Amino acid sequence: MTNVITEALKDLPRSLRQKRYYERLIISKYKINGIKTSALKKCAEELARKVKLQDLYEIVPQNYEELTLLGLIIAYHDSCIEEKCKALDYYLSFNDNWSSCDTVMFVIKDTGDTYFNYLLNLVGRNDWSVRFGMTGLMTNFMDKEHLGAIYERLHHINYGDYQIDMAVSWFLGIALIDFPTETIEFFESAPLSLFLLRLTVRKAKDSKNIREDVKITIEEALKDILCKRAMC
């Protein structure tokens, strides 16, 4: 089979300025060619209407753009969510950077149980799967209905890896603003390092959306938790 992704990318414009900009932001083993994300998204929407998900399993991405386009085709595809999740597993087996991960994840809008359980399962895997899972949960399932199950899962993951800690702190920083009571309760029982706790609080406090009374509550809660940790 002809690699439809490689063929499609041949016609997309490349920019040396864009390439250098991406190279400063993205750490990846994949070569970056400098194709704008907007162009990749447009191309992916067109290909998603033409290809079958099964055909994508024959493609092994050779550069950053091929990797991202692979994920975006899956994200835009109109297949059922079960098949889409299987294809996302294939994409995630290659992913090694935050930019491709977030670009693909933000396209998918689904609030059903199947996608929720899939994302929750990703949180128990390796670093980039955790990033995809946490970001997906943050954008699709940040509500009281799902928060308890998410926090339960966060009690049982392998902290200490940089990518995992960053993904969790991003989620918790947003949750602190929207659900301070539930999140502070989670802080008191979760196996979070002091570094992760402080990083999460700093992320929340730096947000423009946080109210002053919530900021004070968070600061006091963190002092209390740190005090309890010191007494143990």
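Student: Which residue forms a salt bridge with Glu220?

Tutor: A salt bridge pairs a side-chain nitrogen of Lys or Arg with a carboxyl oxygen of Asp or Glu, within 4 Å. In this predicted model, the partner of Glu220 is Lys223. Their closest N and O atoms are 3.9 Å apart.

Student: How far apart are Glu220 and Lys223 in helix α14?

Tutor: They are three residues apart, so about one helical turn separates them.

Student: Is Lys223 buried or exposed?

Tutor: Lys223 is exposed, because its relative accessibility is 55% and the cut-off for exposed is over 50%. Glu220 has 46% and counts as partly exposed.

Student: How many salt bridges does the structure hold?

Tutor: Seven. One of them joins Glu83 and Lys86, with the closest N and O atoms 3.5 Å apart. These two residues are three places apart in helix α6, so about one helical turn lies between them. Glu83 is partly exposed, at 29% relative accessible area.

Student: Which side chain meets Lys10 in a salt bridge?

Tutor: That of Glu7, at 3.1 Å from N to O. Lys10 is exposed, with a relative accessible area of 54%. Glu7 is partly exposed, at 37%.

Student: Back to helix α14. Where is Lys228 found?

Tutor: Lys228 is in helix α14, which covers residues 212-231. Its relative accessible area is 42%, so it is partly exposed. Now try a distance. Lys228 and Asn140 are 88 residues apart along the chain, and 34 Å separates their C-alpha atoms.

Student: Let us turn to enclosed helices. How many residues of helix α7 are buried?

Tutor: Buried means under 20% relative accessible area. In α7, residues 98-105, seven of the eight residues are buried, so the helix is largely enclosed by the rest of the structure. The buried ones are Ser99, Ser100, Cys101, Asp102, Thr103, Val104 and Met105.

Student: Which helices do the buried residues of α7 pack against?

Tutor: They pack against α3 (37-48), α5, α6 (81-92), α9 (127-140) and α11 (162-178).

Student: Which residue caps the N-terminal end of α7?

Tutor: Asn97 does. To read a cap, look for a side chain that reaches a backbone atom at the helix end. Here a side-chain oxygen of Asn97 lies 3.2 Å from the backbone nitrogen of Ser99.

Student: What does Trp128 touch?

Tutor: Skip the residues up to four places away in sequence, and Trp128 touches Leu92, Asn95, Asp96, Asn97, Trp98, Cys101 and Gln163. Asn97 is the residue that caps α7. The side chain of Trp128 also reaches the backbone oxygen of Asp96, at 3.5 Å.

Student: Is Trp128 buried or exposed?

Tutor: Buried, at 11% relative accessibility. Trp128 sits in helix α9. Its C-alpha atom is 9.6 Å from that of Phe94, although the two are 34 residues apart along the chain.

Student: What about a buried residue in a loop? Where is the place of Asn63?

Tutor: Asn63 is in the loop between α4 (53-56) and α5 (64-76). Its relative accessibility is 11%, so it counts as buried.

Student: Which backbone nitrogen does the side chain of Asn63 reach at 2.8 Å?

Tutor: That of Glu66. The same side chain also reaches the backbone nitrogen of Glu65, at 3.2 Å. Leaving out residues up to four places away in sequence, Asn63 touches Leu9, Tyr30, Lys31 and Asn33.

Student: Now the nonpolar core. How many residues has the largest one?

Tutor: It has 83 residues. Phe132, Leu137, Leu154 and Phe171 have the most contacts inside it. Take Leu137. Beyond its neighbours within four places in sequence, Leu137 is in contact with Phe116, Leu119, Leu120, Val123, Met142, Ile150 and Phe171.

Student: And on the surface? Which residues form a nonpolar patch?

Tutor: Tyr21, Leu25 and Trp98 form one, with about 280 Å² of accessible area together. Tyr21 lies in helix α2, residues 16-25. At 41% relative accessible area, Tyr21 is partly exposed. Trp98 has come up before: it is among the residues that Trp128 touches.

How values were computed
Residues are numbered from 1 along each chain as its sequence is written. This is a predicted model: local features need pLDDT of at least 70, side-chain atom pairs count only at pLDDT 80 or more; totals for chains, interfaces and linings use all residues. Side-chain values use heavy atoms; hydrogens and water are left out. Patches are made of residues with over 30% relative accessible area and no salt bridge: like charges are joined within 9 Å, nonpolar side chains (Val, Leu, Ile, Met, Phe, Trp, Tyr) within 5 Å. Accessible areas come from the Shrake-Rupley method with a 1.4 Å probe; for residues, only the protein chains shown count as cover. Helices (H or I, at least four residues) and strands (E, at least two) are DSSP runs, numbered from the N terminus. Buried means under 20% relative accessible area, exposed over 50%, partly exposed in between (1.4 Å probe, protein chains only). A nonpolar core is a set of buried Ala, Val, Leu, Ile, Met, Phe, Trp, Tyr and Cys residues joined through side-chain atoms within 4.5 Å. Contact means heavy atoms within 4.5 Å. A polar contact is a pair of N or O atoms within 3.5 Å; within protein, one must be able to donate a hydrogen and the other to accept it, and residues adjacent in sequence count only if both atoms are side-chain atoms.
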